[in-house]
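Biologist: Please take one chain and give me a close look at it, starting from its overall build and working down to individual backbone positions. I would like the reasoning spelled out wherever a value is set against an expectation.

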Amino acid sequence: MTAAPTAAAPRHSRIIDLLRGAPILGPVAALILACIFFATQTDRFLSGANFSLILQQVMVVGTLAIGQELVILTGGIDLSNGMIMALSSVLTTGLIANSGVHPFLAVVLGLAVCVAFGVLNGWLTTAIGLPPFIVTLGTFNIAYALVRIYTTATITSVPDSLLFFGNTFSIGSTEITYGSILMLVLFAIAWLVLGSTRAGRSVYAVGDNPEAARLAGIRTSRVLVGVYAMAALSYGIAGLLLVARTGVGDPQAGQTGNLDSITAVVLGGTSLLGGRGQIMGALVGALIVGVFRNGLQLMGVGSIYQVLITGILVILAVSVDYLSHRAK
Amino acid sequence: MTATTATPQGKVLLEMKDIGKSFPDVKALQGVSLSVREGEVLALLGENGAGKSTLIKILSGAYTKDEGEIFFEGQPVTIRSPQDAQDLGISTIYQESNLAKDLTVAENIFLGRLPAKGLLVDWETVRKKSREILDRLGATISVDAIVSTLSVAEQQLVEISKSLNRKTRILIMDEPSAVLGESDLERLFQVVRSLQAEGIGIIYISHRMREIFELADEVTVLKDGRFVGTRRVADVTMDELVRLIIGRDLEDVFPRREVVPGEVLLEVKNLRRARLVHDVSFQLRAGEILGFAGITGSGRTEVVRAIFGADAHGGEMRISGKPYRASSPTEAIRRGIALVNEDRKAHGLFLKLDVTVNTTIAALKGLCRAGFIQRAKEKALVQKLIQDLRIKTPGASSIVLNMSGGNQQKVIISRWLAIDTRILIMDEPTRGIDVGSKSEIYQIMNELTKRGVGIIMISSELPEVLGMSDRILVMREGTIVGELARADASEEAIMKRAVGGDLAQGAAARA
Ligand SMILES: Nc1ncnc2c1ncn2[C@@H]1O[C@H](COP(=O)(O)OP(=O)(O)OP(=O)(O)O)[C@@H](O)[C@H]1O
Ligand SMILES: [Mg+2]
């Protein structure tokens, strides 16, 4: 036993413990490092306009990730989210354009269909006890089919009122989209609810140990159905943001929404086993992906390499998380 | 009995010298030494969080030490992994079972080391050798039984067999008796003694003082991660030992019970659960401590889980005269019932969450204003409970997973002290809790009853049942077979009813 490892061991584990105690620190550090890196590579990166663009680029995935985070915290997973988003955006725009429904009513109907899907997901996982992976794989396909049955053509005549969240306002010389602000507000609400209410605590408790949660008086089925329903509501809102950003109701949209949102959640330091993670981690995770895509693009790297690097990032992030939890 | 031989004999097998180990925020061990001889039982004692489990985890290769040296038969050795420990012949039986529950007894005993005959597993040898090992322990369980169908005591025998199937010179047992009832203890003792006779050195951790005097040759005591001392058991008294462990005299373990039970709080009539509970009826009064005795598997846990609404059941219940339907734990808690579960890991703790969340999870309703948790109020409550129960933790935001077993148990108890309960049900409440803290928990129970709380306490520790209960119900095979007033209760009286018939003779003789 030489002196060196003895001295090094506690310091090493202190960093690990810091990461363990505040799992969001790692992702934040990664985000900052990525920003510094790209700032040194291209001078177009470090500008208000570019950051606003990044926010705008991640607002749809970020909003999807809010719901995904909630579901993953309970120890589940939601593969259906991108398709639920597509269904809501196609249905809302379609009702307005093809059936002449009032935009407000159409939005409400679109969101209601999403919530119904969420309740279905939650009910199947709790009442029948099916694994969330299977249930949401099923509803993914159902929602996909419903979209295609409803329309195969892109819905282009979208009223201005639905495009509001794509509009911008300016702070100084920087233009910011209302949609990215909406995403940030949704994150803030989710953060408040998860951190400071009974419902939020219940989500963590159910994710950590469902039986112990039940025996502590928590109505676990209600919590789970509620989580899937709220998650689906966030997918519906993501659908509205998507319409606002693209200006159309696109039946092809959302097919990689599940994997993209899981990527954001995982990069944000949330454990796929449930019970451990922070909602703001999902925001940071989404931003990390956004910054890499944006930065690499500015550097002129092809989009397929951006995907490649995202893949590497995910594996790296999970390895760090895994090693820090295995280390004694 | 030959358990307490006066003079040390046998050569020293293992020595640990000046062991140190730090975790972030905690210096778990500092300058700790111990030694074990061939054929000797060394009891490792100390309060909750003293560092006992950490020390043996260093020995078994689960943790690596920061400082100190380990000698095996006089030679310095390095243990960096469980494999290293196994190679030296050090086997460990952790408190949490490490068995593959869906495999058979024989498969578990040979797990990871199945002998081959050509390309196939040599099942004949597996079954034959397993039988031999079980016989050596005097165990009658079938080698083909699926482990999950065995009782906890039998599973423990399988664990011991598994370690005996490897070369074992040192056997470490971390609170093996915590999961056992009084009647299974005797078998464990016999096994330990026979291993001792084979020359195996044994390190035995327990909080039950009586066992130490019955089983151990020597004790090593730790306190706050430091070495306090080593004594021959023959040379110390119970009081001296307790003083070494907690650093002060322990006046009375049990408080004087002066509360006069009031009106009937809970009335249970014909409680039934398929095959497990048959027509159980009783009453609990305000301010009363009602003890439930019986061997493990006698249906006590099943009764209280039904009352708490955790499992489906039949029968009728009333709380303060009003009908009560135990439809769910949520409903039970709403009606003022709390249950400290028997299995803290599976049914109690949120291991990855912190002390605060674990403590206040059932109390949040009262801590919320306008839907939001009042942090200051919550923090004050948790701090108070940490102090009252002397929970040892670096802070309220520490993860429960890293706490010592006894401190985890205290967290579970504190969860139910955090809310206003009228009926507190405690299933093995002091499991794994040190002598000093036990006495504090008894004190708290006593205070609660003064405020009119009725307590149902299940315990397999007879001194605890006798020391705390105003009235004792004895269960056997799912029914209540006897009721004893405090004045008439004795260990013999309880065991006679708990075991029933002829078996009672042997058990009573031991007690
Ligand atoms: N993995 C870990 N990370 C951080 N702290 C730890 C870890 N393991 C143990 N500790 C701390 O080390 C101290 C000693 O714990 P240990 O489990 O050895 O106690 P113990 O003597 O076995 O107590 P008990 O009688 O309650 O089982 C405690 O303060 C505990 O919180
Ligand atoms: Mg321990």
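Modeller: Two residues are said to be in contact when heavy atoms of theirs lie within 4.5 Å of each other. The model is a predicted one, and the chain I will follow is chain B, where 67% of the contacts with a separation of 6 or more join residues 24 or more positions apart. Chain B contains 19 helices and 24 strands, and its C-alpha trace spans about 70 × 50 × 50 Å along the principal axes. A compact globule of 511 residues would have a radius of gyration near 24 Å, and because chain B has 24 Å, the value agrees with that expectation.

Turning to the surface, 56% of the 511 residues in chain B are buried, while the area that chain B exposes comes to about 21000 Å², with carbon and sulfur atoms supplying 49% of it. As for charge, chain B carries 69 positive and 68 negative side chains, and the centres of these two sets lie 5 Å apart.

Within chain B, helix α15 covers residues 405-417, and its length can be checked by a simple step: 13 residues at 1.5 Å a residue should span 18 Å, and the end C-alpha atoms are 19 Å apart, which agrees. Burial is judged by a relative accessible area under 20%, and since 11 of the 13 residues of α15(B) are buried, the helix is largely enclosed by the rest of the structure. The buried set runs from B:Gly406 to B:Trp416 and includes the charged residues B:Lys410 and B:Arg415 as well as B:Val411, B:Ile412 and B:Ile413. In general, an α-helix has 3.6 residues a turn, so residues three or four places apart point the same way.

For a helix in the other chain to set beside this one, helix α10 of chain A (residues 220-246) has 27 residues and reaches 39 Å from its first C-alpha to its last, close to the 39 Å expected at 1.5 Å a residue. α10(A) is mostly covered, with 19 of its 27 residues buried, and just after α10(A) the backbone at A:Gly247 takes a positive phi of about 80 degrees.

Back in chain B, two strand positions deserve a careful look at the backbone. B:Asp18 lies in strand β1, which covers residues 12-23 of chain B, and B:Asp18 has a positive phi of about 50 degrees although it is not a glycine. With a relative accessibility of 48%, B:Asp18 is classed as partly exposed, given that this class lies between the 20% and 50% limits. B:Asn270 sits in strand β13 of chain B, residues 264-273, and its phi is near 50 degrees, which is again a positive value in a residue other than glycine. B:Asn270 is likewise partly exposed, with a relative accessible area of 34%.

Note on methods. Residues are numbered from 1 along each chain as its sequence is written. Chains are lettered from A and ligands numbered from 1 in the order in which they are written. Side-chain values use heavy atoms; hydrogens and water are left out. Helices (H or I, at least four residues) and strands (E, at least two) are DSSP runs, numbered from the N terminus. The radius of gyration is taken over C-alpha atoms; the globule rule is 2.2 Å times the number of residues to the power 0.38. Buried means under 20% relative accessible area, exposed over 50%, partly exposed in between (1.4 Å probe, protein chains only). Accessible areas come from the Shrake-Rupley method with a 1.4 Å probe; for residues, only the protein chains shown count as cover. Lys and Arg count as positive and Asp and Glu as negative; His and the chain ends are not counted. The place of a charge is taken as NZ of Lys, CZ of Arg, CG of Asp or CD of Glu. The expected span of a helix is 1.5 Å times one less than its number of residues.
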